[in-house]
Structures are given as C-alpha cells and as structure tokens.
4 protein chains.
Amino acid sequence: MKLGFVGLGQMGFGMAANLIKAGHELSVYNRTAEKAAKLVALGARLSPTPADAARGAEAVVTMVADDKALEAVVFGPSGFLSTLPHGAVHVSASTISVAIAEKLTEAHHSASQYFVAAPVFGRPDAAAAAKLYVAAAGAPEALARVQPIFAAIGQRTFLLSDQPSAANLVKLSSNFLIASVIESLGEAVALVAKGGIEPEAYIELLTSTLFGAPVYKTYGGLIAEQKFSPPGFAAILGQKDVRLVLEAAETLNVPLPLASLLRDRFLALLAQPGGAALDWSAISTLARRDSGQ
Amino acid sequence: MKLGFVGLGQMGFGMAANLIKAGHELSVYNRTAEKAAKLVALGARLSPTPADAARGAEAVVTMVADDKALEAVVFGPSGFLSTLPHGAVHVSASTISVAIAEKLTEAHHSASQYFVAAPVFGRPDAAAAAKLYVAAAGAPEALARVQPIFAAIGQRTFLLSDQPSAANLVKLSSNFLIASVIESLGEAVALVAKGGIEPEAYIELLTSTLFGAPVYKTYGGLIAEQKFSPPGFAAILGQKDVRLVLEAAETLNVPLPLASLLRDRFLALLAQPGGAALDWSAISTLARRDSGQ
Amino acid sequence: MKLGFVGLGQMGFGMAANLIKAGHELSVYNRTAEKAAKLVALGARLSPTPADAARGAEAVVTMVADDKALEAVVFGPSGFLSTLPHGAVHVSASTISVAIAEKLTEAHHSASQYFVAAPVFGRPDAAAAAKLYVAAAGAPEALARVQPIFAAIGQRTFLLSDQPSAANLVKLSSNFLIASVIESLGEAVALVAKGGIEPEAYIELLTSTLFGAPVYKTYGGLIAEQKFSPPGFAAILGQKDVRLVLEAAETLNVPLPLASLLRDRFLALLAQPGGAALDWSAISTLARRDSGQ
Amino acid sequence: MKLGFVGLGQMGFGMAANLIKAGHELSVYNRTAEKAAKLVALGARLSPTPADAARGAEAVVTMVADDKALEAVVFGPSGFLSTLPHGAVHVSASTISVAIAEKLTEAHHSASQYFVAAPVFGRPDAAAAAKLYVAAAGAPEALARVQPIFAAIGQRTFLLSDQPSAANLVKLSSNFLIASVIESLGEAVALVAKGGIEPEAYIELLTSTLFGAPVYKTYGGLIAEQKFSPPGFAAILGQKDVRLVLEAAETLNVPLPLASLLRDRFLALLAQPGGAALDWSAISTLARRDSGQ
C-alpha cells in the first residue's frame, strides 16, 4: 500500500520499519527529521510535513505522544486533514482520549475520509519485532482495507467495534489495569515488609506461583528493588492515562473507585520533587511511606 | 514420619492422601468421620479426637476452615496441645490470622513443641496432584524436620522467616492481590461494557496480551459470563480474608486503601440477599450496578 | 455607580434589585428578557446584549450558570470584552472554574480592564435580603473600586488575594465541604438506621448537640425524610462543582481522596434514571442502598 | 438515689460531683484513689473496689476509658456484676463498642440486673457544668428509674431505643462525623493553601458563613494553626473509635467508604513517630503532606 507514517518515536520507528519490510511504500514525517534517516535508507520517502506525508496515500498511520500532538498533525496548519484523499484511512495507533477519537471520527467523516483507532499493546522491542497486539475499531470497510498494516506490525489484531473510540477506551482501561497491579503490589509489599519479609523473596514467591504474568514480574521487580529511574513509562504519563480513563468514565457516568485511588496516588507522586519523571511504578513508594517505612 | 493430620476437607484430603503415598504413617481426624474412610483404605489410622491424632506423632498437620476451628482442635477439650510430644511440630497449612499464628507460636513454645506456619497456594486439584506451593515460616530446626511433609504435598517450598506468622501474612496478602485483580477487572468491564464493548471479547483481548496469568483468565471469565454460582471461593470467605489482612495491617500501622475499598465491596455484596454464598468475584457486579448497567 | 448586570436567575435577580435600591444605575441583560421586566420597573435599563450592558459602565457584574455561559457573555459575538471601558471592572459572582478565572484575568488585563472574582455564599433568599457573604479576590485597586457593589449585595466581604482565581478556589472548596457533610451524614444514617434507630431522632440529636450548623440541619433533614425532589441544588450541579474542585486540585497536584469519593458517588447517582435532577443530598441514598436497606 | 460511681477521670469527676450536688448518695471508685478525695470532701464515700461501690446501690454509673477497663470493673475479680443488687441498673456513660454493650446487656440480664447505655456528648467543661447531652438506650423501666441521674449530669436526654447498644452506635457514629469534618477541612486547607490562600483567613471565612458550628471552629482553628499538641483528644483514641465504628458496621454489613478513608488516615498518623499522641485533628497534616506542602 501507499502509506503515510507520522511519528517516529521508539514505538513508531519500529512499526514504520516493519511496514517497509512488508513491502509498503512509505512517506514518513517526524518533528525531528534525523530520526527518519534510517528509514529513508530502507526506502522511505521523507516528508517535510504531515500534510505531505498523507498526500496520495491509501492510509496514514499516526503514532504520536498525546492528544495535543495528534491534533497538531491532523488539524494544524500543515496537518493532513486537507490532503488525505477521499476514501483513505487515518489509522491512529497512539494512546489518546476517547473524546479526541470521537472528534477525529467526525472530522474525517466530514472530509469523506475514514478514521480507525488502532492502539497497540507492547513495548518498543515488540514494535521492532512486529509482535504488537492491535486493538482496532472503526467502519468495517475501513478496517478491511488497513488489515495489511496490522499484519505488518503485529502478531494479532482484535476487531472491537465499528465505533473507533471503543478501541481507545479498551487501551486506556488496560493501562488502568496495569496501574492497579502496581498499587496492589505497592500495598502488599508495604505490609509484608513491615511484617519482616524481604520484598525480593516475596515477589519471587508471587511470580513463581499465582502471579506469573509479565506485568507482575516487571513491576514486582521494580518495586522490590525500588528502582524507578530511568523510567520505562514516566509517572506523568501514567497520571495522564488515569486522567483519560476517569474522563471517559465520567462521560459515561461510570464510577471507578480504584481509578480514583490511582489518581490520588499519581498526584501525590507528582507533588514530590522529581516525582513526575520517575517510573510510574513509583506510586508504590507511597504505601510504604504511609506505613512509616 | 509418624504424623497426625487434622482436617479432611477438599484440600486436606488430597494432602493427606499424598502424605500416605509418600510413605508416611498417618493418624487422621475429621469432624465428620466418613470423609476419612477412603484414607483408612489407603492405610491411615482413624483418630477419634485431635488429641489422639497427635499422640506420639513427630508432627501434626492441620488444614481447617478458620481461626476458630484451629483453636478448637488445639486448645479445645480434646485438642492436641496436651498430647503432642515435646519437640514435635504443629504444621498449620490453613489460611489463618496473624494473631492466631502468634498465639499458637507462644502456646506451643510453652509446651516445648514447635509451631510452623505453612499455608499453601493452589486449589483442590493441585492438592490432589501434590502440586501445591508451600510458604513456610518457623524455627529453622523445625522447618528442617518437616521438610519431608512439604516435599510430599507440594511442588515447591518457600522458606520465608523464622517467625511463623510471617507466612500467614504472605498468604493473606496474596489473597488481597487476587481480590484486587477482581476489583480492577470489575471496574474495567463496567467501563468498557457501558462504552459498547462485549465483555467476553475484552477479556479475550486482555488475557491474550498483557494479562495472561491464570488469575486473569479465571476471574476474567467469571466476570464476563457473570457466573458466580456455585462459588469456587465464597464471598463470605473473601470478606474474612480481607478482614484478616486489614487486622494484620492495623496491628502494624500500615494503611491499605485498596484493601479498604475491597472491604467495602465485600460488605455491600454480603448486604444483598444471597450475596455471601456467591463466588467472591461477584464483587465485580457492584461496579456495573453503580454505573447503572 | 454606572453598572452592567448580566444574568438574572434566582440569585442574580435579587442582587441586581439590591444594587438598584442602593442607588446604582443598572443596565441589565438576561437571555430571556421577561425576567428583566420587574427590574426595569425599579429603574433598570434593559440591554439587548451583554456588550450593550457593559458599554460605558464602571463595572459589570456577572451571575451566570457556569463556565460556558460566562465565556459566551464575555467572549461571544455579543460579549462585553470589547465594550467594557478601559479601567472598568468585571465582577464575576458565579461559581466557576479556576481555569476560566485565570483565562478571564488575562483577557481583561490584555484589554486594559480588571477582573475580580467575587463568588457569593448564600441562597436566593439571602440574595434577596442583601445578606450574602462575598469572597473577593483581585487587584487591590479594582477591589477598592467595586466595594460599593459588595456593600449593596452582602452582609460581609472577605478579601482573599490579589489573584482572582483564589476566590473561586475558596468557593469551590466550600461546596466540597458541604458535599462532604452530605456523604458523612449519608453513611452515618445508613449505619444507625440498620442498627434500628430512627433517622429523624438521630438527626434531631445531632443537630441539637454538636452539629448545630445550618448545613447539618438542612441536609440532615432532607436525608432523614429522604426528600430529594424538587432539588434545592441539583445533583448534576453538585457533580459539576466536585469536578471543578478536582480539576483545580489536579492542576496544583493536590490529592483529595474525599473529593474522589464524592465524585464516584455523584456519578453513581447520575447513572440512575432521574438521578441528575434530584437534590445533591440524594447521594446519601447510595450508602443506604449499599447496606442493603 | 443511692449510687455507685466508677471512673473519676476528667469527665467522670464532674459528673460525680454534679450527682452529689443533686442530693444523691455516692460510693465512688477510681483506680487511683487520690482523685476521689475532693468528692469525699463533698460527701461521697470512697469504695476500695468496684464491687464495693455497687453494693446496695440502686444504680452504678461507669465512666471509664474503654472496653477493657469496663470489662475489668464489671467482670473482674473485684468487679460489680456479683454485688449489684437484683433490679438495679448499670448506667454506662463511656464510649464503648457495640459488641461489649451487647455482652453487658446479656450478662446483667442473666444476673437479674439492667444495663443502660448512656454515652454523653460534651467535653470536661460541659461535664463540670452539668451541660452534657445524654444519649440513652435500654429497657423503658430502667430508663425511667435512672432519669434523675441524667437530669443531674446533663442539659438534655435523648431516649433512643430499648436496645442499649443503639446508644453506643449513635455515639460512635457521631465521633465518625467529627473525624469526617477534620478530614474534609484537612483536604480543603491543603487545596486552598497550595492555591495561595492563608489557612487562617480561609477558616475565618468558613466559620463566619456556612460552617458556624463549634466543631468547625474548634478543628478549623487547630488545623489552620497546626497546633496538635497537647491533644484535646489523642489520635490513638480517634483511631480506636473509627475502628469501633467499622466493626459495628461490619457486623451489620454496612459499607462506610468515608470511615475507611479515616481508618487509613489514622493508621498513617500512628505510623509516624509521636503520631499517636497528637490531637486527632493531626490527620489533616496528611493531606497537606500528600500535596507536597
């Protein structure tokens, strides 16, 4: 396919590279052009603007930091809303709000284009290895058309709904689930540590028995070692995602007391000097501090 | 070894059978004697009282319902505190409170006996298959002596501390972690379901990606299907364990806001007609109800 | 003073009438002009637009429903940002967000005007009787200039800060305090009622002893009688104010667990058919429902 | 009446003195006898044991620290269960648990005596001035008989139920309400202080307007000044009362999320060095600390 690709961060770079490897023709755009050089070496064309990257494309994939960045590349002065051809598809792979997904759905529809939300599950290494999981939602004909994109970047695609924002809701909710694991481990470790048990031995026991999932191993390890820097995922981003979950829930009138607890934890962490830049698992330190340890 | 075994419920029966298979000599006691018949066929001796089961034993293993049942078989009129030989070991495999573990440690010490806490991880099928995990704590010489018991009932033993109650704290905390998973899934499903996503598809996505652990598969499935009866683990028992976690935490001055949330969820479930007898994962219905679904 | 007045709801009408009685010259604007007729009879001039009401005024007072309404009358096509004279003061008496107060401070400053936030405490009868309390914040010279306005509408003015939004923060926080009283009474009544005590007798005891403040009498009475319709202050507005408190707190990185609990309560109420239109004290029904009553 | 009086602390002393002034004949007991000297000067008889104080009495009033102290004076070796005459009344004015009230109801009934729970509202100065409020519950004939006692110590009596423990539940719930006020003020002050407002000015505004009740003045003042020592009511006692509320609620299956929050606050305070001895309003410092102030 002839594709535009916007956003060459840690995740986007690997995804774009896999699209090229799969034989697609890519025009890439990134705020800082250097990152694109290696892709150009693989055969990509460097676009000076998002608008240019989307011109003549069957689809444009975006993988940018947040709502604001996404609004800029779509609606901004050099955004691609005006250049993406009729009938072409905007595939948004970022973790964004439900509200912006709804806004984009409408805007692309008005421009006779399609919007597909396709947030991905996996870290940069999975992106590089084309092992992402894709949670996609949008109009069936659009989903069908961009299936080759999903095939090139991921190991499995879940088709969730014909309403694009549903996929964003699922992605946000899964980040809420991860943060919940962190909070529960933080409280459990605060308790057993004050009871005289070594956190490392405790996490070893948990992850060898009932809690063998990677999420427990990853975060259990960080919490036991109290190693929160450099961040794998910064607290400020964790706080943002919890906020987006709560906003989506508020729109739907869904009370989420555990998410509310997480919100308060993240704010307490952000209120500490340097807290925003720590790994989001650093909210676990609050349960320990509250217990006087 | 010459062993007493007290408590032949779903878990205890399998454990006792495996001890016999491993060549140990067992005197078994159960409140209702019929359950013991099959073990007698395997070679066990039926004891009329806990006191009798412990007489002359190197160790007595207890696997009973709760603190109260354990107090009865140890301190009651036909309890074994007075008959367990000097130097012999009481191995408690039940999920009990930290407070009762501390009381037993002292009582057995005063009687020149040992108390080892060895709560187990696993369900009845794991007990039958000798695949339990054992979290043990107690005096090193006592732990060494009962090692053959652990070897016969489980696939791996974790030695946690020389203070027996530490093992009970670990066991209780892990039940807290499971309940936390249930609550987080309950809230997430309430959110995405109100957003138009099928719970089954959502759970399938989660457990195929980041949340592959059995605990997510088991409880995610129950929550998606809303199948809470018959219970695998009744809400009334879940509430009891959360209470024991909170009591242990209170003694140590450890605030646990997520456990407090769970406490309130379980009480709300118990306040409903029939709620106590549902599976503990039925607390997930409360997030859905609160969202008007 | 020559004044504009925008927003003639239950509160605004009384305030405007008192300003006329105090001898000020008023140009009034309301979305629905009928409401203004009685004020015209008292000597007010009816303005067709907010812009017109502010033309030539020394100050314009706004008493509108929410942020959106306020933005419309200031920034909209017929808003008064362009007509309020240099050096004149916009006095905002509404309960609005901290964010919009900051936006208005900047916009009026850029237009060589002043912005004073002066939210009021009291209900419509207090507004009619000129018995409001005024919590004012803004540039000292502006506060000094509008002092006659405060004198005409209220019984006491508190000067809080030279930063206008501080007054809005105070007003929002006091609504949080009222909602906290409602929640605490809701839980207490759920408890004692299930313990066999008549809610009416309980509230009578509380308000005769330690809790004699009007807020306990008003809401205690509504909760005991379970009389939530017609609303004195609708749940949808309570939810909005709790949201504004949480948003202000989030900007400042201040965790507010009790406000988070209130947020969840209001969403649960709004999720019920008809819940949004009940009095905000109807969140108290949730504690009772959760206890199975 | 011929009365026994047990427990001459700050509260009990004033109550006993007022009973003497009202013409009753008192036998008083206190753990440390010196405290009784002044009462003896007023005409009281000093008893060497609780048992002795109750001998021949029509009623015995207890005003002791907690459940444990009360159990000791009733059931202990020199307790009065065995000496209080048939048909006589034990009036318990202390803040005790619902569970112990139920135990005492049964024990006194078995001994052909009456148990009346009559916890009092007010501080030592109100006790000295006979201005207490009495919340009484018990068998109507017993309540009628001890009416002169209530008349002598308080300004008003509320008859709540024929089940004594109901009065204890009411008393505990009112302490929960006070602690809720403290928490709400703590959060509100954390918010406005970080927003640049002086806590003193804020409290002055609140207590001059909507929140004029003594509870807001007392605790608002302490929180604004951050004056938590010496304690008016120590944090360790506040934690105990919140625990008793939660226990009573658990027995009745009543979830109390705000009480759960208070529980966690008190434990966090107790986990700090010296925290237990501070005034219970010191839980307000936690909201400020969590906000990075």
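This is a short tour of a predicted model, chain by chain.

Residues are numbered from 1 along each chain as its sequence is written, while chains are lettered from A and ligands numbered from 1 in the order in which they are written. Because the model is predicted, local features need pLDDT of at least 70 and side-chain atom pairs count only at pLDDT 80 or more, whereas totals for chains, interfaces and linings use all residues.

**Stop 1: chain A**

Select chain A and show it as a cartoon. Chain A has 13 helices and 9 strands; these are DSSP runs numbered from the N terminus, helices being H or I with at least four residues and strands E with at least two. The C-alpha trace of chain A spans about 65 × 45 × 35 Å along its principal axes. For 293 residues, a compact globule would have a radius of gyration near 19 Å, and the 20 Å of chain A agrees with that. The radius is taken over C-alpha atoms, and the globule rule is 2.2 Å times the number of residues to the power 0.38.

Of the 293 residues in chain A, 62% are buried. A residue is buried if 20 or more other C-beta atoms, placed from the backbone, lie within 10 Å of its own, exposed if 12 or fewer, and partly exposed in between.

**Stop 2: three strands in chain C**

Select residues 59-62 of chain C, which form strand β4, then residues 89-92, which form β5(C). The two strands run parallel and are joined by 4 bridges; strands count as paired if DSSP finds at least two bridges between them. One partnership to look for is Thr62(C) with Ser92(C). Between the strands, the chain passes through helix α4 (residues 67-75) of chain C in a right-handed β-α-β crossover. Right-handed means that, with the strands pointing away from the viewer, the path from the first strand over the helix to the second runs clockwise.

Next, add residues 114-117 of chain C, strand β6, which pairs with β5(C) in the parallel sense over 4 bridges. Val91(C) stands opposite Val116(C). Helix α5 (residues 98-110) of chain C carries the chain from β5(C) to β6(C), again in a right-handed crossover.

Show the side chains of β5(C). Val89(C) and Val91(C) point one way, His90(C) and Ser92(C) the other, and all are buried. In a regular strand the side chains alternate between the two faces of the sheet.

In the loop between α5 and β6 of chain C, pick Ser112(C). Ser112(C) has a positive phi of about 60 degrees although it is not a glycine. Ser112(C) is exposed, with 11 other C-beta atoms within 10 Å.

**Stop 3: chains C and D**

Show chain D beside chain C. Here 54 residues of chain C are in contact with 54 residues of chain D, contact meaning that C-beta atoms placed from the backbone lie within 7 Å. Which helix gives the largest share of the side of chain C? Helix α8(C) does, with 17 residues.

A rotation of 180 degrees with 0.0 Å of shift along its axis superposes chain C on chain D, at an RMSD of 0.1 Å. The fit is by least squares on the C-alpha atoms of residues with pLDDT of at least 70 in both copies. This is the relation of a two-fold axis. To find the axis in chain C, select Ala213(C), whose C-alpha is the nearest, 2.3 Å away.

**Stop 4: a cis peptide bond**

Finish at Ser229(D) and Pro230(D), joined by a cis peptide bond with omega about 0 degrees. Pro230(D) sits in the loop between α11 (214-225) and α12 (235-251) of chain D.

Conventions
Two residues are in contact if their C-beta atoms, placed from the backbone, lie within 7 Å.
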